[in-house]
Amino acid sequence: MAKNTKNFSVSEFACHCGCGKNIIDQRVINMAQTIREAIGVPVHVNSGCRCDKRNKAVGGVDGSFHTKGLAADLSCSLGAKALFLVVANLKAKGKLPDLDYAIWYGKKDFVHIDCGKSRNNLFEAKP
Ligand SMILES: [Zn+2]
Ligand SMILES: [Zn+2]
């Protein structure tokens, strides 16, 4: 079971359908905490861990890292673009060693981060 951090409780990362599934990986919470401290405003967990049913309902890809507890979608009052820039900056400084992928969804105004597996395209933007 993962542990709370200064600004996040593990329960914030539980499946939002109410099924109780929560296998969120500690690395995801720790990354959210690092981002929260860097950006200086509250960071909201739009989506953390998901059961398969929830994942389908929100249009997640089959076997999404959310279903494995390895991903989170984050947003904040400064907007997702600001959040994305902070994530990129932290990664460049070596402060998010576990981050394997981040994507900014401009229209939905959130940033997905995960530690699923390393990819060639670490950062993607969909304005
Ligand atoms: Zn669920
Ligand atoms: Zn996501």
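Thr-67 sits in the loop between helix 2 and strand 2. The model here is a predicted one, and in it Thr-67 comes out as buried, with just 9% relative accessible area. So who keeps Thr-67 company? Setting aside neighbours within four places in sequence, Thr-67 touches Lys-21, Ile-23, Arg-50, Cys-51, Asp-52 and Asn-55. One of these contacts, Cys-51, turns up again as a protein donor of the zinc ion (ligand 1).

That zinc ion (ligand 1) is held by four cysteine sulfurs: the SG atoms of Cys-15, Cys-17, Cys-19 and Cys-51, at 2.3 to 2.4 Å. Along the chain, these donors follow the spacing C-x1-C-x1-C-x31-C. What about the geometry? The four donor atoms subtend angles of 105 to 113 degrees around the zinc ion (ligand 1). Four donors count as tetrahedral if all angles lie between 85 and 135 degrees, so the arrangement here is tetrahedral. As for accessibility, Cys-15 is buried, with a relative accessible area of 5%, whereas Cys-17, at 41%, counts as partly exposed. Those labels follow from the cut-offs, because buried means under 20% and exposed over 50%, with partly exposed in between.

Next comes the zinc ion (ligand 2). Its protein donors are His-66 through NE2, Asp-73 through OD and His-112 through ND1, and they lie 1.9 to 2.0 Å from the metal. Written along the chain, the spacing reads H-x6-D-x38-H. The two histidines link distant parts of the chain, being 46 residues apart. His-66 belongs to the loop between helix 2 (52-57) and strand 2, while His-112 is in strand 4 (residues 110-114). Are these two histidines buried or exposed? His-66 is buried, with a relative accessible area of 2%, and His-112 is buried as well, at 11%.

His-112 also leads on to another residue, since it is among the contacts of Ile-103. Ile-103 has its place in strand 3 (residues 101-105) and is buried, with a relative accessible area of 2%. Leaving out neighbours within four places in sequence, Ile-103 is in contact with Phe-84, Phe-110, Val-111, His-112, Glu-124 and Lys-126. As for Asn-120, it comes 17 residues away from Ile-103 along the chain, and the C-alpha atoms of the pair are separated by 13 Å.

Now for the helices. How do helix 1 and helix 3 pack? Helix 1 (residues 26-39) meets helix 3 at an angle of about 110 degrees, and the axes are 10 Å apart. Since angles of 65 to 115 degrees count as roughly perpendicular, helix 1 is roughly perpendicular to helix 3. Helix 1 brings Thr-34, Ile-35, Ala-38 and Ile-39 to the contact, and helix 3 brings Ala-82, Leu-83, Val-86, Val-87 and Leu-90. Sorted by character, the residues of this contact are eight nonpolar, one polar and no charged.

Finally, there is Gly-79, found in the loop between strand 2 (71-76) and helix 3 (80-92). With 14% relative accessibility, Gly-79 counts as buried. Gly-94 is 15 residues from Gly-79 in sequence, and the distance between them in space is 23 Å, C-alpha to C-alpha.

Note on methods: Residues are numbered from 1 along each chain as its sequence is written. Chains are lettered from A and ligands numbered from 1 in the order in which they are written. This is a predicted model: local features need pLDDT of at least 70, side-chain atom pairs count only at pLDDT 80 or more; totals for chains, interfaces and linings use all residues. Side-chain values use heavy atoms; hydrogens and water are left out. Donors are N, O and S atoms within 2.8 Å of the metal (3.2 Å for Na, K and Ca); water is not among the atoms, so sites may look incomplete. Four donors count as tetrahedral if all angles lie between 85 and 135 degrees; four count as square planar and six as octahedral if opposite donors are over 155 degrees apart and all others between 65 and 115; anything else is irregular. Buried means under 20% relative accessible area, exposed over 50%, partly exposed in between (1.4 Å probe, protein chains only). Helices (H or I, at least four residues) and strands (E, at least two) are DSSP runs, numbered from the N terminus. Axes are lines fitted to C-alpha atoms, for helices over the stretch in contact, and angles run from 0 to 180 degrees between N-to-C directions. Angles under 35 degrees count as roughly parallel, over 145 as roughly antiparallel, 65 to 115 as roughly perpendicular and the rest as oblique. Contact means heavy atoms within 4.5 Å. Ala, Val, Leu, Ile, Met, Phe, Trp, Tyr, Cys and Pro count as nonpolar, Asp, Glu, Lys and Arg as charged, and the others, Gly among them, as polar.
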